[in-house]
Amino acid sequence: MITRLTPQDASFYRLESSSHPMHIGSLAIVGDPVPGDNSEHPPLDYDRLVELVENRLPLVPRYRRKVREVPFGLGLPVWVDDSAFDITYHVRRSALPAPGTDDQLHDLVARLASRPLDNTRPLWEMYLIEGLAGGRRAVFTKTHSALVDGVTALEIGHVILDSSPSPREVADDAWIAVREPGEVELLALALVELAGQPREAFEALRHAGANAFALVGAGGRAVDRLLSLARGAATGCRDSPFNTRTSRNRRVDVVRTDLEDYRKIRRRFDCSINDVILAVVTGALRIFLQSRDEVLTASAVLRAVVPMSVYVEGPHGDRLKPASEVSTFVIDLPVGEPNPVMRLSHISHATEAHARHRRGVRARTLVHMAGFAPASLHAMSVRAASTFAEHTFNLVITNAPGPQRPMYIGGARMLEMYPVSPLLRNQASSIGITSYDGQVCYGLNADRDAMADIGVLSAAVHESMEEMLGACVQ
């Protein structure tokens, strides 16, 4: 079966470069199975993971499809079945010298995140990383942003996770790859489609010699970028260490915090969980900039692209779930403000104002898929961020809720989960945030050269949280 990429899918496929791989990463740390249940659910090993992924692939059919270009650029690329699909190519195995430390794990993940995916195969990879101290293992997944749209195509993390140690049953799959089309067949199909679209046909033919696809396929995105550039030109964007030419090498670090701390601050200052998270991030960014000897005036801000309206709590703070819509907008984070309460107040007012003028993407499909949507929500946020002109913001902060109950991979309990969002052009760092089982987990992805001190920013998250909690008792 041949399915044409949407213009947005195609634009993400074209954004890929050796120094800017456009895949969404997800790092899950798992422990041993539930005590006393080891006979039924042995520790997660490579063979068990391969079997699990293979059984769940029918739920994400695009993971067995690859991208094929149309000759002469006469149409958007297409998804086709990979007739040589090999599950063991995509699900891989690695190990740290036991007992491996968290720092060693993060270095390995950074190297894996630095490598672009093979565009001659389905655009994803998964690694089982063994040898972690304490009997833990890690599962690192990278999926190209072109593959996950959050509506018709979800991230594989949705389907390999279960809400109990016993993996749920999935219908048997008798998948047989449809024959791959040849170059002539792809060209003929594109010409037939263009015959019914005279305007598109004229443009495609006029620019075929100059590879016009990049203009036609990404036209909508280009318009968005021009509009956002015009908006940004009026307000400007502060130069910062977060905006520089980047290399192809990465650093990854993580931070784990307690969700109850955010709820405590939310109740004290009558704001949203989103606002508190952004305030904590703002305080951490302020500390990081001061460590770089940056001069911060009281009015200094960093401009961030962030999602909004993704956390919904019950009236007593007893529920935390994704909303039915994910919105993304640009917000000025008041890094020059020394008072943490004032920083929170500025952010709360800004998010409230932007709620009336947001660009949203539907997420109802996500929140009904095993109750676990973070990786797909992060992918949607990165897509939305890419529509803003690069000179109008300093960094991207993706923020998505996960389930507040334990989840399992092949019977092994997931202990922590960290997003690893890609770096957009001239962005030296990205911050991905996910809540899970009473925790708020930060995944920091950064350029290895420009952000060699990413550990300072990680430590600053805890310092900023302590500052916010201190303000609660004043």
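Helices α12 and α15 (residues 454–472) pack at an angle of about 95° in this predicted model. Their axes lie 9 Å apart. An angle of 65 to 115 degrees counts as roughly perpendicular, and α12 and α15 are therefore roughly perpendicular to each other. On the α12 side, the contact is made by P340, V341, R343 and L344. On the α15 side, E467, M468 and A471 take part. By class, the residues of this contact divide into five nonpolar and two charged, with no polar residue.

Helix α12 (residues 340–354) also meets helix α11 (residues 273–291). The axes of these two helices come within 9 Å and cross at roughly 130°. Helices α11 and α12 are therefore oblique to each other. The crossing of α11 past α12 is right-handed. From α11, the residues in contact are D275, V276, L278, A279, T282, G283 and R286. Their partners in α12 are R343, L344, I347, S348 and T351. This contact comprises five nonpolar, four polar and three charged residues. R343 and L344 of α12 thus appear in the contact with α11 and in the contact with α15.

A further packing pair is formed by α11 and α15. Their axes are 7 Å apart, and the angle is about 125°. That makes α11 oblique to α15. Here too, α11 passes in a right-handed crossing. The α11 residues in this contact are A279, V280, G283, A284, L285, I287, F288 and S291. They meet V456, L457, A460, V461, E463, S464, M465 and M468 of α15. The contact has twelve nonpolar, three polar and one charged residues. A279 and G283 of α11 take part in the contact with α15 and also in that with α12. M468 of α15 touches α11 and is likewise part of the contact with α12.

Two aspartates flank the region of α11 in sequence and have unusual backbone angles for their residue type. D270 has a phi near 55°, a positive value in a residue other than glycine. D270 is found in the loop between α10 (259–269) and α11. With a relative accessible area of 72%, D270 is exposed. D293 is not a glycine either, yet its phi is positive, at about 60°. The place of D293 is in the loop between α11 and β10 (302–308). D293 counts as exposed, at 68% relative accessibility.

Backbone geometry was also examined at the peptide bonds. A cis peptide bond joins A98 and P99. Its omega is about -5°. P99 belongs to strand β5 (residues 91–100).

D107 lies in helix α4 (residues 102–114). At 38% relative accessibility, D107 counts as partly exposed. The C-alpha atom of D107 is separated by 6.7 Å from that of R251. Along the chain, D107 and R251 are 144 residues apart. R251 falls within the range of strand β9 (residues 250–258).

The protein as a whole contains 15 helices and 19 strands. Of its 474 residues, 56% count as buried. Among contacts with a separation of 6 or more, 79% are between residues 24 or more positions apart.

Confidence varies along the chain. The mean pLDDT of the protein is 81. A value of 70 or more is reached by 78% of the residues. Among the elements, strand β9 has the highest mean pLDDT, at 97. The lowest, 37, belongs to helix α8 (residues 213–217). Over residues 314–324 the pLDDT is below 50. This stretch has 30 contacts in the model beyond near neighbours in sequence. The pLDDT is also below 50 over residues 359–371. Beyond near neighbours in sequence, residues 359–371 have 43 contacts in the model. Where pLDDT is low, the predicted coordinates should not be read in detail.

Technical notes
Residues are numbered from 1 along each chain as its sequence is written. This is a predicted model: local features need pLDDT of at least 70, side-chain atom pairs count only at pLDDT 80 or more; totals for chains, interfaces and linings use all residues. Side-chain values use heavy atoms; hydrogens and water are left out. Axes are lines fitted to C-alpha atoms, for helices over the stretch in contact, and angles run from 0 to 180 degrees between N-to-C directions. Helices (H or I, at least four residues) and strands (E, at least two) are DSSP runs, numbered from the N terminus. Angles under 35 degrees count as roughly parallel, over 145 as roughly antiparallel, 65 to 115 as roughly perpendicular and the rest as oblique. A crossing is left-handed if the near helix is turned anticlockwise from the far one by less than a right angle, and right-handed if clockwise. Contact means heavy atoms within 4.5 Å. Ala, Val, Leu, Ile, Met, Phe, Trp, Tyr, Cys and Pro count as nonpolar, Asp, Glu, Lys and Arg as charged, and the others, Gly among them, as polar. pLDDT is the predictor's confidence in each residue, from 0 to 100. Buried means under 20% relative accessible area, exposed over 50%, partly exposed in between (1.4 Å probe, protein chains only).
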